[in-house]
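Could you walk me through this structure in the viewer, telling me what to select at each stop and what I will find there? I work at the bench, so a friendly pace would suit me.

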Amino acid sequence: MEGIDLHTHSNISDGTLSPEQLVHAAIEKGIHTLALTDHDTMDGLVLAQQAVENNALKIISGVEISSQWSRPSTKKSYGVHVVALNMQNPAPLNELLEQQKIIRAERAKQICDLLIPLIGEDIYLDVIIKVDNIPDRITRTHIAKTLVEKGYVSRPQQAFDKYIKEGKKAYVKFDGLGLQETIDVIHQSGGFAVLAHPTRYDLSATNIRYLIEIFSKFGGDAVELPPAIEPASTRQMVDRMIAEYNLKVSVGSDFHGDNMPWIRLGNIPRLKEGQVGIWESFF
Ligand code: AMP
Ligand code: MN
Ligand code: MN
Ligand code: MN
């Protein structure tokens with residue numbers, strides 16, 4: 001499984017490399033199977049494919065979908081990311097992504113509006129310049145970067161902690177597709193549904209387990225293995241859930257270029273004995 005990375009971002013969303021640059025960087029790293037998984041858009045896919053020469057690398061179609069689920073007992077809804085991989089007929093998914101893009105564009109404006117009384121300035125025009133004036137590509141990463149550049153915070157993480165993460169005054173929930181609907185449309189498009197980074201949602205251990213159970217019951221195919229930097233106990237819990245629900249595993253770095261310089265392209269965790277990679281179902 002060396003040479004595989006199934007979770008990466010380009011500057012079509014909140015990465016810093018263009019799809020072409022990402023492909024060239026991946027080839028240099030010895031990656032042979034790469035999925036471009038930008039947030040709620042597959043607009044970078046063609047550019048990535050065009051950058052591949054001499055079959056140097058296989059591009060897997062992908063997208064990271066902003067989805068949500070709620071615990072029936074508490075009715076609280078949680079945002080979760082589902083990575084869709086290897087779509088054979090992307091039309092049904094692309095149709096729903098058009099809705100997601102509208103939600104993303106409107107939400108970016110709402111976040112900037114909520115920031116006005118907090119910082120005394122409307123930064124929307126500075127944010128949208130970062131995405132070639134295409135509003136449906138704006139992520140909170142772009143808003144955080146703008147807040148750093150304008151001196152309101154010193155690091156992007158501080159922008160999240162002070163203003164735009166859940167519970168803060170300029171937080172706006174991404175009111176996207178439900179989890180079941182997300183998994184269903186991925187399957188209608190002939191792809192595989194992967195629960196992205198299960199340990200990165202600020203969920204309790206109980207809720208992580210419940211999420212994986214629900215994801216499996218809804219027909220989800222695979223769970224992304226947490227990175228090696230996560231505590232061993234957390235990784236073991238995820239491994240146990242994967243085994244219990246007979247899920248496949250996916251591996252990806254969640255590379256974002258210089259926006260997250262600590263994440264290296266192609267840096268993926270190892271599979272445990274008995275785990276089956278979702279990529280074995282691709283070809
Ligand atoms: P969005 O899809 O607009 O909500 O933006 C989500 C992106 O923001 C994620 O993919 C991360 O790259 C980044 N992000 C989300 N939460 C945080 C956080 N607490 N600190 C830093 N970056 C974050
Ligand atoms: Mn991101
Ligand atoms: Mn994510
Ligand atoms: Mn991601």
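Here is a tour that goes from a metal site to the domains and then to the salt bridges.

**Before you start.** This is a predicted model, in which local features need pLDDT of at least 70 and side-chain atom pairs count only at pLDDT 80 or more, while totals for chains, interfaces and linings use all residues. Residues are numbered from 1 along each chain as its sequence is written, chains are lettered from A and ligands numbered from 1 in the order in which they are written, and side-chain values use heavy atoms, with hydrogens and water left out.

**Stop 1: the manganese ion.** Select the manganese ion (ligand 2) and show Asp14, His39 and His256, its protein donors. Asp14 gives OD and the two histidines give NE2, at 2.1 to 2.2 Å from the ion. Donors here are N, O and S atoms within 2.8 Å of the metal (3.2 Å for Na, K and Ca); water is not among the atoms, so sites may look incomplete. Along the chain, the donors follow the spacing D-x24-H-x216-H. Asp14 sits in the loop between β1 (4–5) and α1 (19–28), and His39 in the loop between β2 (33–35) and α2 (45–50), 25 residues apart. Helices (H or I, at least four residues) and strands (E, at least two) are DSSP runs, numbered from the N terminus.

Are Asp14 and His39 buried or exposed? Asp14 is buried at 3% relative accessibility, and His39 is buried at 9%. Buried means under 20% relative accessible area, exposed over 50%, and partly exposed in between (1.4 Å probe, protein chains only). Now add the manganese ion (ligand 3), which is 5.5 Å from the manganese ion (ligand 2).

**Stop 2: Asn207.** Next, select helix α8 (residues 205–217) and pick out Asn207. Asn207 is buried, with 11% relative accessible area. Beyond its neighbours within four places in sequence, Asn207 is in contact (heavy atoms within 4.5 Å) with Trp69, Arg71 and Tyr78.

**Stop 3: the two domains.** Colour domain 1 (4–99 + 174–281) and domain 2 (100–164) separately; such bounds come from an automatic or database domain assignment. Their centres, taken over C-alpha atoms, are 24 Å apart. Where they meet, 19 residues of domain 1 are in contact with eleven residues of domain 2. About 1,500 Å² is buried between them, with carbon and sulfur atoms giving 48%. Buried area is the accessible area (1.4 Å probe) that two parts lose on being put together, summed over both.

Four salt bridges cross this interface, each a side-chain nitrogen of Lys or Arg within 4 Å of a carboxyl oxygen of Asp or Glu. Show Lys101 and Glu98, whose side chains meet in a salt bridge at 3.3 Å, N to O. Then widen the selection to Asp43, Glu98, Lys101 and Arg137, which are linked in a network of salt bridges.

**Stop 4: around Lys150.** The whole structure has 14 salt bridges. Which residue forms a salt bridge with Lys150 at 2.6 Å between the closest N and O atoms? Select Glu121. Glu121 lies in the loop between α3 and α4 (124–129) and Lys150 in the loop between α5 (140–149) and α6 (156–164), so the pair ties together parts 29 residues apart in sequence. Glu121 is partly exposed at 22%, as is Lys150 at 33%.

Keep Lys150 selected and add Asp126, with which Lys150 forms a salt bridge at 3.8 Å between the closest N and O atoms. Asp126 is in helix α4, 24 residues from Lys150, and is partly exposed at 31%.
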